[in-house]
Amino acid sequence: MKAHVSSILLGVQDLARSKAFYTEGLGWKIKDDYGVSVFFEPDGGSRVGFYGREGLAGQVGTSAEGSGFSGLVLTYVVRSETRVDEVVAEAEKAGATILKPAGALPWGGYGGTFADLDGYIWSIGYSPKGTDQPYAE
């Protein structure tokens, strides 16, 4: 198995609400909408999509129940501190919960963290140290 993620599929409580958060709030564009799931334009990265939480849990053979930190953090690397601030502000305006405001990080970078409407955690970051960062934009 290669170190590659073909797509990221998140189980959400309310598909319409999540679509609005990401399209209207964060400006994502829908590539495929199948009714029970939706996928967004990958824009050079892995495909990201949503599926109803109950249906997705059933599809992979597990329970939809769960609480607390899942151990999953989605990372979005940008090219400046200013862009970190902008993305975190866009997410907050769209209804996200800011978990950690943008600021200096202990290892020398700059970043902030928010949870979307279903509690999925996004870490928005910038590092002046690396030249081969997996930039999202």
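These are my notebook entries on the salt bridges and the nonpolar core of this predicted model.

**Entry 1: counting salt bridges**

I began with the charged side chains and asked how many salt bridges there are. The count came to six. I then went through some of the pairs one by one.

**Entry 2: arginine 17**

I looked up arginine 17 and found its side chain in a salt bridge with that of aspartate 118, at 3.6 Å from N to O. Arginine 17 sits in helix α1 (residues 15–25), while aspartate 118 belongs to the loop between β7 (110–115) and β8 (121–126), so this pair ties together parts 101 residues apart in sequence. I also checked whether arginine 17 is buried or exposed: with a relative accessible area of 36%, arginine 17 is partly exposed.

**Entry 3: lysine 19**

Staying with helix α1, I turned to lysine 19. Its side chain meets that of aspartate 33 in a salt bridge, with an N to O distance of 2.6 Å. Lysine 19 is in helix α1 and aspartate 33 in strand β2 (residues 30–33), so the parts tied together here are 14 residues apart in sequence. I noted accessibility for both partners: lysine 19 is partly exposed at 21%, and aspartate 33 is partly exposed at 39%. The cut-off for buried is under 20%, so lysine 19, at 21%, does not count as buried.

**Entry 4: a network**

Next I followed arginine 83. The side chains of arginine 83 and glutamate 90 form a salt bridge at 3.2 Å, N to O. Glutamate 90 is partly exposed, and its relative accessible area is 29%. I was pleased to find that the pair belongs to a network of salt bridges linking Arg83, Glu86, Glu90 and Glu137.

**Entry 5: the nonpolar core**

Then I left the charges and went to the largest nonpolar core, which has 22 residues. Which members touch the most others? I wrote down Tyr22, Phe50, Val84, Phe114 and Ile124. Two or more residues each come from β1 (7–12), α1, β3 (37–40), α3 (81–93), β7 and β8. The largest share is from α3, which gives four residues. I asked where this core lies with respect to the domains. Domain 1 (7–60) and domain 2 (73–126) both contribute residues, so the core lies between them. As background, I jotted down that nonpolar side chains tend to be buried together in soluble globular proteins.

**Entry 6: tyrosine 22**

Last, I listed the contacts of tyrosine 22, leaving out residues up to four places away in sequence. Tyrosine 22 touches Gly27, Trp28, Phe40, Phe50, Asp116 and Trp122. One of these, Phe50, is also on my list from the core.

Terms used:
Residues numbered from 1 in each chain as written. Predicted model: local features only at pLDDT ≥ 70, side-chain atom pairs only at ≥ 80, totals over all residues. Heavy atoms only, no water. Salt bridge = Lys/Arg side-chain N within 4 Å of Asp/Glu carboxyl O. Buried < 20%, exposed > 50% of the residue type's maximum accessible area, 1.4 Å probe, protein only. Core = buried A, V, L, I, M, F, W, Y, C linked by side-chain atoms within 4.5 Å. Domains from an automatic or database assignment. Contact = heavy atoms within 4.5 Å.
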